[in-house]
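Work through the three exercises below with the structure in view. Try each task before reading its solution.

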Number of protein chains: 4
Amino acid sequence: MKVGFIGLGQMGSGMAANLLKAGHEVIVYNRTPAKAEALIAQGATVATTIAETCWGDAVITMLANDDAVESVVLGGHGVISNLQASALHISCSTISVALSERLTAEHGQAGQRFVAAPVFGRPDMAAAGQLFVVAGGERAAVEVATPLLGAIGQKTFVVSTPKAANLVKLSGNFLTASLIEALGEALALIAKGGVDQRHYLEILTSSLFTAPAYKLYGGLIASGAFEPAGFAAPLGQKDIRLVLAAADDLRVPMPLASLLRDRFLTLMANGGDRLDWSAIGKLAALDAGMAPA
Amino acid sequence: MKVGFIGLGQMGSGMAANLLKAGHEVIVYNRTPAKAEALIAQGATVATTIAETCWGDAVITMLANDDAVESVVLGGHGVISNLQASALHISCSTISVALSERLTAEHGQAGQRFVAAPVFGRPDMAAAGQLFVVAGGERAAVEVATPLLGAIGQKTFVVSTPKAANLVKLSGNFLTASLIEALGEALALIAKGGVDQRHYLEILTSSLFTAPAYKLYGGLIASGAFEPAGFAAPLGQKDIRLVLAAADDLRVPMPLASLLRDRFLTLMANGGDRLDWSAIGKLAALDAGMAPA
Amino acid sequence: MKVGFIGLGQMGSGMAANLLKAGHEVIVYNRTPAKAEALIAQGATVATTIAETCWGDAVITMLANDDAVESVVLGGHGVISNLQASALHISCSTISVALSERLTAEHGQAGQRFVAAPVFGRPDMAAAGQLFVVAGGERAAVEVATPLLGAIGQKTFVVSTPKAANLVKLSGNFLTASLIEALGEALALIAKGGVDQRHYLEILTSSLFTAPAYKLYGGLIASGAFEPAGFAAPLGQKDIRLVLAAADDLRVPMPLASLLRDRFLTLMANGGDRLDWSAIGKLAALDAGMAPA
Amino acid sequence: MKVGFIGLGQMGSGMAANLLKAGHEVIVYNRTPAKAEALIAQGATVATTIAETCWGDAVITMLANDDAVESVVLGGHGVISNLQASALHISCSTISVALSERLTAEHGQAGQRFVAAPVFGRPDMAAAGQLFVVAGGERAAVEVATPLLGAIGQKTFVVSTPKAANLVKLSGNFLTASLIEALGEALALIAKGGVDQRHYLEILTSSLFTAPAYKLYGGLIASGAFEPAGFAAPLGQKDIRLVLAAADDLRVPMPLASLLRDRFLTLMANGGDRLDWSAIGKLAALDAGMAPA
C-alpha cells in the first residue's frame, strides 16, 4: 500500500521502518526533517508538506499530544483538507477521547475513513514490530487498516469505535502508571525495612508479578536510571490528564488517578521534564526521607 | 520429618495435605476439630492440644492474624512453652512485622529455631502445592525448613530475617490490592464509556498485563462474583493495616496504601465481611453511580 | 454612575438591587428576561441586547462559568465589541485564571478598562450588600470601580492583577470546600461513635471553630437539607476544576483539591446536580454505611 | 479542693498554675522534677511519687500520649491503685477512645469516679486559663469536676461519656489539621501564582475565614517559623493516628485523615520531630518545588 507517515519520534521511527520492511511504499513527514534520514536509507520518501503524505491509500499519524494532532490534521494544510475521499487516516497517537470523537466526525463529513489505532509498547517494541494495537472504527475502515497495523504490531485488538480505542489505550496507561506508583511505595517500604530492592524484585517477578512491566519499572525505580526516557514524564502526565478528563466527562471518580496526577505534578515541579515517567516511582522514597539512588 | 500443623483453614488444609503427600508424619490441630477429618483420611493424626503438635522436629502455624498466632504460640499452653530446644517453628501466617520480631526474640530465648515463611497464592495453589514461599531466619533453621517448604510450594525464596520475610509478604499483598484498585477504576471508566468489560480484560491480559492476577481479579470484578471468598475482605483489610503499621514504624508515607485502607473500610461498613477482597474493585463503579452487576 | 449589569442569578439579582439602592442608574440584561422584573420595580431599565448594557461608564458581569462569560463578553455582539474606549468592565464571576488573563489582554487591546472583582458570600449576603470583594486591575481602573464595588460589598480587598483576584477567589472556594469535607468526615465519625451531631457542632462553633462557615455548613450536613441550593454543586465542582487547572499550570500538587474533585464527581454521578455543594459533606457518612438523614 | 496534678509540660504547667490561682491546694508531680519549680513559688507542693498526688479529692492528669497515661494510671504505683474510693480522676490528656473506655471500666471497678476532660487550646491559652474543655462522665462526677475545670478553661462543654469527650477532642484536632493542610495547599498555589502570602492571609482572615486558627496557622506557614513548637508535630501525628484508630473501629473511611497521616509521616521522615505540627502546611510548597522560606 501507499502510505503517508507523520511523526518520527522514538515510536514513529520504528513503526515507519516496519511498514517499509513489510513492503509498503512510505512517504514520511516530520516537523524536524533530520529525523527522516535513517528511514530514507531504508527506502522511505520524504514529504516537505503534510499534503504530500496524503497522496496514497492511507496516512498514519503518530504524534505526542492533542495539540500536535490538531495542528497536523485540521486546518487548510492538514490531513483532512488533503486526503482523498474514501482514503484512510489511522491515528496511532495517544489522544483525548474528545479529540478522537471530533476527528471521527470531521473525517466522516469529508467522506474519509478514520481508524483510531493507539499502540501499547515502548520504543524497543516499536522497533521490533512487536507493539499491541487497539483499533477502533467502522468495520470496512479497520479492514483496510489491518495489513498496515499487522506490520507495526504483534497483535491487533478491534473495538467498536475510535473513541473506545482511545479510552482503552488511556486506561491501559493508567494501569501501568498505577503499577509504577505501587512499586514505588513497596520498594520504599521494603528498602527502609532493610530488604535488598533487587532481590525483592526478583522474588516478585518470579512469583506472582510476572507481567514484564514489574521487571522493567521495578528495575528503573531501584536503579534510579530515568535517563534517557523511554516514555517521557510529560507524556505520562498528559495521559493521566486525559484519563481524568474522560473520567470527568463520564462522571467516574478515580482516586488513584488523582494520586497519579499529583505525583506527576510533583515530579514536574522538581525538574522531571526529561526523565522517564517511572521517575514518579521514586517520590515515595523521597517522601520517606531516603536519599536519591 | 515429624511435624505439627496448626490452622486448617482454606490455605492450611491444602498445605497439610501436601506435607502428607510428601511423606511427612503430620499431626494436625485446629480450633474447630471437624476441619481435620479429610486430613485424617489422608494419614494425619489429630492433636487435641497445641502441646501435642510440638512433639516432633517442627511445628508449622498457618493462622488468620496476629491475635490467633499470639494465642497459639505464646502462653503456657502455646508452642513456645511446649516445643523442644532446637526444634523449629515455621510461621506461614501473614502477620505483622512487629509480631515477627517478637516471635524471633522469644524463640531465641527458648533456644528454639524460628523461620517466618509466609506464602503467596490462593487456596487452589495451596491445594496444588504451588505456593510461593518467602522464608526468613537463621541459615541453619531455614535449611531444616527447606524440605517442608518444598512440599507446600513450587518455589522458596530465602531472605535474611523473619521480619524481612513478613515485610516482603505484606508488601506483596499491598501490590495485589493496588492492582485490584487500579483495575476497579479502569473497569468503571471503560464500562461507563461504552466498552465491554470482558473484551477489555481480554485485551489487557493478552497484551501487557499478563500477570495472572489481572485475569483473576479483573474477572471477579467484572462478574461481581465475590462469594465464596478465595481471600476474604477482612483478611485483606488486616494486611493493609499491617502494611500501614510497618510503614508508620519505618516512616514511609504510602498514599496508595492509605487509599486502600479507606476502600476496605467502605467495603466493611457496607456489608463486605463475607466477600472476596477484590470486592473493593467494585467501589469505583458504585461511586460512579453504576448499579451493582 | 451609569452601569450595565449582566447576569441576574441568585447572586446577581441582589448585587444589582444594591447598585440601585446606592443611586446608580442600572440597565440589566439576563438570558431569561423574566428575572429582571423585580429589579424593574426597583428602578432598573431592561436591555434586550448585551450592546445596550454597554452605553454607560461600566458594565458588570456576574455569570455562572467561563462559557457564559465568553459568550457574553467575546464575539461581535459581546461586551468588548460594544463597550466604549476607556469604559470599564468589572467581571465578578468566578472564572478561570486563564480566562481572566485573556479578558485582560483583549480589553487592553480594545483600549478598555478591566477589573476582575470576584466576590465571597452566598445569596443572602449578596442581597444584603454584605459581600467581600477581591478586586484586581490597573490602579486607575480599580479607582473607577470602587464606588460600585462599595455598593455590593461590605469590604473590598485590592490585589495587583485581575488574574490574582481570580486566583484568590478560587483558592478561597477551595478552602471552604475543604472545610466542608473535613466537617463531613468529622460528623460521620462522631455520629457513628454515638455523639449528637448538633451538640457537637455547638461545641465546635462556640470554641475554636468560630468562622460562620462551620455553623452554616455543619448545620446543612447534619440536617441533610441540601435543597434549595445556596451554591449549587455543579458550581462547586466547576470551581475545584478551575483550582486544579490553575494548579496544573503552576505545577502545584494539591492532594486535598484532588480529593474534593473526586467527591464532586461522586456526588454528580449519584444525582447531585440540584443540591447545595455542601452535599459532598454527606459522602463520608454514606461511605461509612450510615443511612441518609 | 485538694487536688493532685500529674504532667507539667507546656500545657500542664499553665493549667496547674490556674488551679492554684483559683485557690485550690495542688500537689504536683512530673517525671522531670525541675519543671515543678515555678509552681512551688506559686504555692504548689511537690510529690515525689504518683501515690502522693492521690491524697485529696481529685487527681488531674495531663500527659502526652496513651503510653504515658497508662504508665501513670495503671499498675501498682499508679493512680488507680492509690486513689481513694469515690475520689475523682480527671483525664485531660488527648488519648485514644479505646484507652478512655478502659480507664472508665477500671476506675468503675475500683469504685472511683472518672471524667475525661480533654482541652482545646495552645499553651498561651492554658496559661491564661482560657482553654475550652469537653467533659464526659457520670453526672455526679462531672459536677465534682466542674469547679476545677472552670479554673483551667473559659468554657466547659459536657458530653455523655468519657469516650465521647475523647472522640470530640480527637475529631477537633482532625478539623484543625485539615485546616492546616488546606491553608498549606492554598498558600502554595497563590504564592506560585504571584500573590503575596501575607496579604492573602489578611484577606482571608478579615472576610470569611475568621476563626483564629486561620490567622495563627496561616502566619506560621507563611513565615516558616515552626520552632519552638506550640504543639509538636509528633503529638499531631499521634492524634491523627488516634482519629484513624477510632475511625477504623467504627468503620468510617476518612480520606482526608488518611492524607494527614501521610503528611505527618513525610514530615517526620524528613526531620520534623521538633517542629510545630503546622509544618505539615509547608509540604505542599515543597512538593511544588518552592524553596523553604
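**Exercise 1.** Find how many residues chain A and chain B each bring to their contact, and which element of chain A gives the most.

*Solution.* The model is predicted. Start with the count: chain A puts 49 residues into the contact, and chain B puts in 49 residues. Next, list the elements of chain A that supply two or more residues to this side. They are the strands β8 (131–137) and β9 (153–159), and the helices α8 (162–192), α9 (197–205), α11 (233–250), α12 (255–269) and α13 (283–287). Of these, α8(A) gives the most, with 16 residues. Last, sort the chain A side by class: 35 nonpolar, 8 polar and 6 charged.

**Exercise 2.** Divide chain A into domains, then describe where they meet.

*Solution.* The domain assignment gives domain 1 (2–160) and domain 2 (167–287) of chain A. Their centres, taken over C-alpha atoms, are 28 Å apart. Domain 1 of chain A brings 11 residues to the contact, and domain 2 of chain A brings 14 residues. On the domain 1 side, 7 are nonpolar, 3 polar and 1 charged.

**Exercise 3.** Are α1(C) and α7(C) roughly parallel or roughly perpendicular?

*Solution.* Take the geometry first. Helix α1 (residues 10–21) and helix α7 (residues 139–152) of chain C pack at about 115 degrees, with axes 8 Å apart. The range 65 to 115 degrees counts as roughly perpendicular. Therefore α1(C) is roughly perpendicular to α7(C). Their crossing is right-handed. Now name the contact residues: α1(C) uses C:Met15, C:Asn18 and C:Leu19, while α7(C) uses C:Leu148, C:Ala151 and C:Ile152. By class, this contact has 5 nonpolar, 1 polar and no charged residues.

Terms used. Residues are numbered from 1 along each chain as its sequence is written. Chains are lettered from A and ligands numbered from 1 in the order in which they are written. This is a predicted model: local features need pLDDT of at least 70, side-chain atom pairs count only at pLDDT 80 or more; totals for chains, interfaces and linings use all residues. Axes are lines fitted to C-alpha atoms, for helices over the stretch in contact, and angles run from 0 to 180 degrees between N-to-C directions. Helices (H or I, at least four residues) and strands (E, at least two) are DSSP runs, numbered from the N terminus. Angles under 35 degrees count as roughly parallel, over 145 as roughly antiparallel, 65 to 115 as roughly perpendicular and the rest as oblique. A crossing is left-handed if the near helix is turned anticlockwise from the far one by less than a right angle, and right-handed if clockwise. Two residues are in contact if their C-beta atoms, placed from the backbone, lie within 7 Å. Ala, Val, Leu, Ile, Met, Phe, Trp, Tyr, Cys and Pro count as nonpolar, Asp, Glu, Lys and Arg as charged, and the others, Gly among them, as polar. Domain bounds come from an automatic or database domain assignment.
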